[in-house]
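Q: Could you walk me through this one? I'd like to go over the ligands, the domains and any odd backbone geometry.

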Amino acid sequence: MKILVTGGTGYIGSHTVVELQAKGFEVIIVDNLSNSSIEVLDNIAKISGKKPLFEKFDLTDPEKTETFFRLHNDIRAIIHFAAFKAVGESVQYPLMYYRNNLVSLINTLQGMINNGIRDIVFSSSCTVYGQPEKLPAREDTPIQKANSPYGNTKRISEEIITETSENEAIRAILLRYFNPIGAHETAIIGEFPQGIPNNLMPYITQTAIGKRDFLRIWGNDYDTPDGTAIRDYIHVVDLAKAHVIAVERMIADKSKEKVEIFNLGTGKGFSVMEVIKSFERSTGIHLNYKIMDRRPGDVEQVWADTGFANTELGWKAEKSLDEMTASAWKWEKALAARR
Ligand code: NAD
Ligand code: WQD
């Protein structure tokens, strides 16, 4: 059975392709390589023994997208990862983010409608919850006004999919990721942050390898046990496996609603300081850091209620924080060895 993975050469997409292949799915990737590299295809093949089919084009192009769907009329379901994801960049270039993230989704949905494809899994984000009043965040926790154009594209995308499904033969599973980190155990695929990383984990590993002088901890005056902000970090392979389960659920007609929403996290929150401690514990490396002011737009603390994903989707994150930080470090070392 053929699954289209848009953004499949990216960080989460590549790990998901490997897990899909392991379950016997045939994968076709569409990616314009705006934030990933063609070598990922060979790297996927090194792990799985099978190079996925690949088409390079920009999903914001309606003609190319429609032509693609006409040519590939045996696609059973879609996992739609393709999007820009840098929060700060989205504040600087909002139109670029709205155009890329929304138009690529609209063209993909149009392709589904025109070509009779029913099922789509969509990459959403815990960013839609903002700072929830009650923790942990449940799928019915009220969505808040987004604090960046990027976050807004996720909220609007959820609405576009939901409204489209009301009158079209489309079903969806919206997966709200918490903070994906780590890399495949082989260290053959992982995350490629462009330039100076914004996210915590790549900043930690780049500091440890000597590419950055020290980690800046954005604030230690939050109302948390050690004063640093709390997030729900999830291993990217656990996350990838949830996508396979979501696709299987849709194909087997097990969805209970036209649009279902699941949180993907571990259900446990860790502070920035606890992540640093875990990194030091799992690698034996001492990390340089300095405490700075809070980063504008950051929420204080958020973690997932994963009960619905556990019981209804039948999925549970398995990897510990130490396994996540250890695998991120193994990947950083593998990247350094490649250069
Ligand atoms: P990524 O940048 O590594 O992967 C996205 C891929 O999409 C890239 O390979 C890029 O080249 C491709 N792409 C972007 N725009 C495209 C277009 N118009 N046409 C074709 N290809 C295009 O990002 P990721 O971390 O793997 O994230 C995947 C998805 O998950 C994104 O939708 C992201 O917003 C979402 N998400 C990510 C995180 C995170 O922390 N990484 C958290 C929550 C949600
Ligand atoms: C985690 C914690 C920082 C870097 C972002 C997006 C969100 C989602 C995931 C896509 C925070 C602190 C970080 C550093 C630090 N992406 N930190 N020093 O902000 O939770 O979420 O990525 O949907 O939408 O906003 O993740 O990894 O940037 O930060 O102290 O150098 O680490 O302040 O508390 P965040 P992050």
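Q: Okay, ligand 1 to begin with: which residues come nearest to it?

A: Bearing in mind that this is a predicted model, ligand 1 has 28 residues around it, and the ones that come nearest are Asp31, Asn35, Ser36, Asn100 and Tyr150.

Q: What polar side-chain atom lies 2.6 Å from an oxygen atom of ligand 1?

A: That atom belongs to aspartate 31, whose side chain places it 2.6 Å from a ligand 1 oxygen. There is also a backbone N or O atom of isoleucine 12 at 2.8 Å from an oxygen atom of ligand 1, and the side chain of asparagine 100 has an N or O atom 2.8 Å from a nitrogen atom of the ligand.

Q: And how much of its accessible area does the protein cover?

A: On its own, ligand 1 has 820 Å² of accessible area, and the protein covers 95% of it.

Q: Which elements give two or more residues to that shell?

A: They are helix H1 (11–22), strand S5 (119–125) and helix H6 (149–167), with S5 giving the most, namely three residues.

Q: How do the shell residues divide by character?

A: For ligand 1 the shell consists of twelve nonpolar, twelve polar and four charged residues.

Q: Switching to ligand 2, which residues come nearest there?

A: Ligand 2 has 19 residues around it, of which Tyr150, Leu200, Arg216, Arg231 and Asp298 come nearest. Tyr150 is thus listed among the nearest residues for ligand 1 and also for ligand 2.

Q: Which residues place an atom 2.8 Å from an oxygen atom of ligand 2?

A: Leucine 200 does so through a polar backbone atom, and arginine 295 does so through an N or O atom of its side chain. Asparagine 199 contributes a side-chain N or O atom as well, at 3.1 Å from an oxygen atom of ligand 2.

Q: How much of ligand 2 does the protein bury?

A: The protein buries 88% of the 690 Å² that ligand 2 exposes when taken alone.

Q: Which element gives the most to that shell?

A: Strand S8 (215–218) is one of the elements supplying at least two residues, as is helix H7 (200–208), and S8 gives the most, with four. By character, the residues around ligand 2 divide into ten nonpolar, five polar and four charged.

Q: What about the domains, where are they along the chain?

A: Domain 1 takes in 2–181 + 233–264, while domain 2 takes in 200–231 + 267–334. Their centres, taken over C-alpha atoms, are separated by 24 Å, and the shell around ligand 2 draws at least three residues from each domain.

Q: How many residues are in contact between them, and what area do they bury?

A: On the domain 1 side 27 residues are in contact with 27 residues of domain 2. The two domains bury about 2,600 Å² between them, with 66% of that area on carbon and sulfur atoms. The accessible area lost when parts come together is often how the size of an interface is given.

Q: Last topic, the backbone: which peptide bond is cis?

A: The bond from leucine 135 to proline 136 is cis, with omega near -5°, and proline 136 sits in the loop between S5 and H6.

Q: And which residue has a positive phi although it is not a glycine?

A: That is alanine 187, with a phi of about 60°, found in the loop between strand S7 (179–181) and H7. As background for both cases, most residues other than glycine have a negative phi, and most peptide bonds are trans.

Definitions and conventions:
Residues are numbered from 1 along each chain as its sequence is written. Chains are lettered from A and ligands numbered from 1 in the order in which they are written. This is a predicted model: local features need pLDDT of at least 70, side-chain atom pairs count only at pLDDT 80 or more; totals for chains, interfaces and linings use all residues. Side-chain values use heavy atoms; hydrogens and water are left out. A residue is near a molecule or strand if one of its heavy atoms lies within 4 Å of it. A polar contact is a pair of N or O atoms within 3.5 Å; within protein, one must be able to donate a hydrogen and the other to accept it, and residues adjacent in sequence count only if both atoms are side-chain atoms. Accessible areas come from the Shrake-Rupley method with a 1.4 Å probe; for residues, only the protein chains shown count as cover. Ala, Val, Leu, Ile, Met, Phe, Trp, Tyr, Cys and Pro count as nonpolar, Asp, Glu, Lys and Arg as charged, and the others, Gly among them, as polar. Domain bounds come from an automatic or database domain assignment. Contact means heavy atoms within 4.5 Å. Buried area is the accessible area (1.4 Å probe) that two parts lose on being put together, summed over both.
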